[in-house]
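User: I would like to go through this model by question and answer. Please start with the terms.

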Amino acid sequence: MPDLPRGFLLPTRFTGTALGSPHAWSPVSASEFVLAHTRLAPVPFVPEVRLHLAQDAIDLWEHTESHTGESQPPPFWAFAWAGGQAVARHILDFPDIVRGKTVLDLASGSGLVAVAAALAGARHVIANDIDPYAVAAITLNAQANAVPGTVTSNGEDLLAGPASPDVDVLLAGDVFYSKEMSGRMLAFLERAAASGTVVLAGDPGRAYLPHDRLTVVAGYDVPMVGALENADTKRATVLRPSSPV
């Protein structure tokens, strides 16, 4: 079972790859759903960014499955997770990391990191997530922060491809939440770093974080809202692959 925060206990029917039937949603209906079940609010540790955020994870998950009529992944896109907040804060505080560059925000969720990169001066940001509701949320959040021309969404499973991404910078927040995903993500991040891409990942110390393969760049005490985590504040680190392979 994935090492998810409190409030996100996966039912046995969830495999980690469910996207819903292609007939169960559309970009318009997904956007309407996001707007109907979230409110626009500043991110606690990154107040420069406003996101469409939800209050109750389980209630939203149930509504998502009702909307599609079938099993869905947890609505990660509706919350500002600690690792993503740490990466977003880091690139806003050190904008030269992304300024004028092409950036990939992998497993983007809400698009928090992508929006932060755009605000920090990135030339183009690709916000990638395989959940169609996340794709809708990313588009809405880019619009809410006046960066829709810089941030573009992408719904492909990039981890399935053999090649490293053709970008200058790769950012990823909260991606080491299960054993399987941690392995796939680490391989992708190390491959990107080996090709010369600047790679940064954010994580609050989840069980499947591969400490021995990553080097800490910075650490932040990130305030949390609601019952997402088991503490009011989470220590999250920004890391890079230790040795490109």
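Analyst: Buried means under 20% relative accessible area, exposed means over 50%, and partly exposed lies in between (1.4 Å probe, protein chains only). This is a predicted model: local features need pLDDT of at least 70, side-chain atom pairs count only at pLDDT 80 or more, and totals for chains, interfaces and linings use all residues. Residues are numbered from 1 along each chain as its sequence is written, and side-chain values use heavy atoms, with hydrogens and water left out.

User: Which helix gives the most to the largest nonpolar core?

Analyst: A nonpolar core is a set of buried Ala, Val, Leu, Ile, Met, Phe, Trp, Tyr and Cys residues joined through side-chain atoms within 4.5 Å. The largest one has 41 residues, and Ile-91, Val-98 and Leu-171 are among those with the most contacts inside it. Helices (H or I, at least four residues) and strands (E, at least two) are DSSP runs, numbered from the N terminus. With seven residues, the top contributor to this core is helix α4 (residues 112-119).

User: How many of the residues of α4 are buried?

Analyst: The buried set includes Leu-112, Val-113 and Val-115. The helix is largely enclosed by the rest of the structure, because the buried count is seven of the eight residues.

User: Is Ser-108 buried or exposed?

Analyst: Ser-108 sits in the loop between β3 (102-106) and α4. Contact means heavy atoms within 4.5 Å. Leaving out residues up to four places away in sequence, Ser-108 touches Ala-114, Ala-127, Asn-128, Asp-129 and Ile-138. Its relative accessible area is 9%, so Ser-108 is buried.

User: What kind of pair do the rings of Phe-45 and Tyr-220 form?

Analyst: Rings of Phe, Tyr and Trp (its six-membered ring) pair if their centres lie within 6.5 Å; planes under 30 degrees apart count as stacked, over 60 as edge-to-face and the rest as tilted. Phe-45 is in the loop between β1 (39-43) and β2 (46-53), while Tyr-220 is in strand β8 (residues 214-223), 175 residues apart. Both are buried. Their centres are 5.8 Å apart and their planes at 65°, so the pair is edge-to-face.

User: Which residues form one aromatic cluster with Trp-81?

Analyst: Phe-76 and Trp-81 have ring centres 6.0 Å apart and planes at 65°, so this pair is edge-to-face. Phe-76 counts as partly exposed at 23% relative accessibility, whereas Trp-81 is buried at 9%. The cluster partners of Trp-81 are Phe-76, Phe-79 and Tyr-177.

User: Which residues are linked with Arg-89 in a network of salt bridges?

Analyst: A salt bridge is a side-chain nitrogen of Lys or Arg within 4 Å of a carboxyl oxygen of Asp or Glu. Arg-89 bridges to Glu-48, with the closest N and O atoms 2.6 Å apart. Arg-89 lies in helix α3 (residues 82-93) and Glu-48 in strand β2, so the pair ties together parts 41 residues apart in sequence. The network partners of Arg-89 are Glu-48 and Asp-93.

User: How far apart in sequence are Asp-174 and Arg-206?

Analyst: Their side chains meet in a salt bridge (3.8 Å, N to O). Asp-174 is in the loop between β6 (169-173) and α6 (179-194), and Arg-206 is in the loop between β7 (198-203) and β8; the separation is 32 residues.

User: Is Arg-235 buried or partly exposed?

Analyst: Arg-235 forms a salt bridge with Asp-221, the closest N and O atoms being 3.3 Å apart. Asp-221 is partly exposed, with a relative accessible area of 46%. At 47% relative accessibility, Arg-235 counts as partly exposed.
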